[in-house]
Amino acid sequence: MTARQDTTEIRISPTNVAAVMTLLHDDPGFRFLILSDLCGVDTGSAMQVVYHLWSDSTPDWLRVIVDGLPRDDPRAPSVTFLWNGAEWAEREAYDMFGIIFEGNRDLRRIYMPPDYQSFPLRKDFLLADDAARSPGQGVRHMEQTFQPAEYRRTPVLRQGLGSDAGQMAPGIQTAILSSGEDPAR
Amino acid sequence: MTTEQTIRSLDDPDLFVETPGTIYDAIPPLPPRTEREAEFYAMRDGEMLINLGPQHPSTHGVLRVVLKIDGERVVDLDPVLGYLHRGVEKICENGDWHHAISNCDPLEYIAAMFSEAMPVMVAEKLLDLEVPRRAEYIRVLAWELNRISSHALFVGWLALDLGGLTPVLYGFIERDEIVEMLAALTGQRLLFNYLRIGGVNGDLNHDFLSRLGDWMGNALKRIEDQQKLLNSNEIFVARTRGLGVVDRDMARRTLLSGPVLRATGIPYDVRRAHPYSVYPELEFTIPTREEGDSYARYLLHLDEIKQSIHIIDQVLHRMPDGPVMAKVPRLMRIPPGRAYVSIESPRGQYSAYGMSDGSDQPFRLRIHDPSFFNLQAVGLLMPGNLVADTMAIMASVDPIMGGIDK
């Protein structure tokens, strides 16, 4: 009934974002004037920024996946120079995933309080009552300051983002290799 | 060793311990964190900051706005979100696909039939599932009824924020009848949890159809009554005409959608731009207005109500027989893949981007809420207007904080 295969997908690297998006937006052959959505994705191994574009010249959505952002320092250029409405969407992706959009003038946290430390939609952020995936771990504080029990043996990457309250340009500080001690116990 | 007892006076500055900075920090926060914040909190002579909300009846939820004013004029504003943030996307990742339906319900709580469609349609697209035609027609029927109830309330709220109490009562008459009708169909008045992956939960019943028949008989007349009430009201027209004007270029650049976009003359409606469900089979027009101001948005909502009544009329006449659920297993594993679906909600383009890794839980479910982007545009519309008009502008883009804060 509805068209199932209605999305064209392209994958680009973060360095090409500005050029590709400008071409798609300005070229009279493409005319992708409407940015339908912008979101961040954590695949577990890398970060992505996913754009969905719409043009009146084609019935398909165009999905542009900016792939391969490193998890410890995800950076992508901002598209606010084309769509200034992308500013809040980028703030949301920063808030939830820690993706830094270079060129966004207002990259603050949008939902979580400014002194919040972690990025809730990352895959290594487990919920306190996440019984289905981490049985028997008890109730933890929602903001994860230590790693779950099954990963405790091996050194793991922990996001060491200090409070960004004092910085002019927010940025992820160097990821700290934690030895796996549980500070809560 | 003797300890000397000292009695400290209240003037002693050491008596009070300085607490470290929290979210309750005084504004402006120093030093500014971003370029924009530095610009916002750089005060010129005669400017003043006032705090609006988070608990204010006109913010349509729990929204805090820091207004920078010069006399009665708004110079700039800084909306502060997050008071209603529940992390729905994260919760959806931790439940299975069926849980996501009821988790997405309270996003757009005025028109929950649209937000709950998101996980359903993403899963159907990933499964490549054919939904029975009767179920599609029932969905369209429920969507359009919900759109009318939401638009009727919009008209009332807009007038209420301008100081007129009567229209909101008329709006609630309309809404209450529809909500009772949908309660007869779904069992719920507000958060329906009615759509299912592969169809809908329950067929049309006699109670629903008789209520719908009663309502359809005089729906158009009542909408026209409501129109007469406000269209010829001099105060209402004077306060909305020319207020909060959006032009086409700005509408596109700020990712506006829905009535706010169509009031600028761009006929972008997902039901036609990228058809879904059975909308290609139905006749309706996309009303547009050229002015782009609050009054145009108000008139456009009334036009859309009439189009929705027209759609409901066709749906009732063409309703096919058959099952309302496709044959799907109760516990289903969704094949791996990525899917993007988009529908036209009363506030604009409601879309979702879903990823599945082959398990029964969504790997990622991104919900795009139109209110979020429409509220962002309010920040560009307000400067230069009177403080008293800010709420009229906000009401005219009709934000729902449940979806904005997710």
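In this predicted model, the backbone oxygen of A:Leu38 lies 3.1 Å from a polar atom of the B:Arg366 side chain. A second polar contact links the side chain of B:Arg366 to the side chain of A:Glu92, also across 3.1 Å. B:Arg366 belongs to strand 8 of chain B, which covers residues 362-368. Its relative accessibility is 3%. Buried means under 20%, so B:Arg366 counts as buried.

The surroundings of B:Arg366 come from both chains. On the chain A side, the residue touches A:Asp37, A:Leu38, A:Cys39 and A:Glu92. On the chain B side, the contacts are B:Glu89, B:Ser351, B:Ala352, B:Tyr353, B:Phe373 and B:Lys406. Residues up to four places away in sequence are not counted here. Two of these neighbours were met above: A:Leu38 offers its backbone oxygen, and A:Glu92 its side chain.

Chain A itself contains 2 helices and 8 strands. Along the sequence, these elements run β-α-β-β-β-β-α-β-β-β. The chain has 185 residues, and 53% of them count as buried. Contacts between residues distant in sequence contribute much of the picture: among contacts with a separation of 6 or more, 48% join residues 24 or more positions apart. The accessible surface of chain A comes to about 8000 Å². Carbon and sulfur atoms supply 57% of that area.

Helix 6 of chain B spans residues 133-161. B:Arg139 sits in this helix. At 1% relative accessibility, B:Arg139 is classed as buried, because the limit for that class is 20%. The side chain of B:Arg139 has a polar atom 3.1 Å from the backbone oxygen of B:Arg196. B:Arg196 is also among the residues that B:Arg139 touches. The others are B:Val120, B:Met121, B:Glu124, B:Val131, B:Leu195, B:Gly198, B:Gly199 and B:Val200, again leaving out residues up to four places away in sequence. Between the C-alpha atoms of B:Arg139 and B:Gly156 the separation is 26 Å. These two residues stand 17 places apart along the chain.

Helix 6 also holds B:Leu160. Here the relative accessibility is 33%. That value falls between 20% and 50%, so B:Leu160 counts as partly exposed. B:Leu160 joins B:Leu165 and B:Leu169 in a nonpolar patch on the surface. Together, the three leucines have about 280 Å² of accessible area. Helix 6 thus carries both a buried residue, B:Arg139, and a partly exposed one, B:Leu160.

Terms used: Residues numbered from 1 in each chain as written. Chains lettered and ligands numbered in written order. Predicted model: local features only at pLDDT ≥ 70, side-chain atom pairs only at ≥ 80, totals over all residues. Heavy atoms only, no water. Patch = residues over 30% accessible without salt bridge, like charges linked within 9 Å, V, L, I, M, F, W, Y side chains within 5 Å. Areas by Shrake-Rupley, 256 points an atom, 1.4 Å probe, with all protein chains shown as cover. Salt bridge = Lys/Arg side-chain N within 4 Å of Asp/Glu carboxyl O. Helix = DSSP H or I, 4+ residues; strand = E, 2+ residues; numbered from the N terminus. Buried < 20%, exposed > 50% of the residue type's maximum accessible area, 1.4 Å probe, protein only. Polar contact = N/O pair within 3.5 Å; in protein donor to acceptor, adjacent residues only side chain to side chain. Contact = heavy atoms within 4.5 Å.
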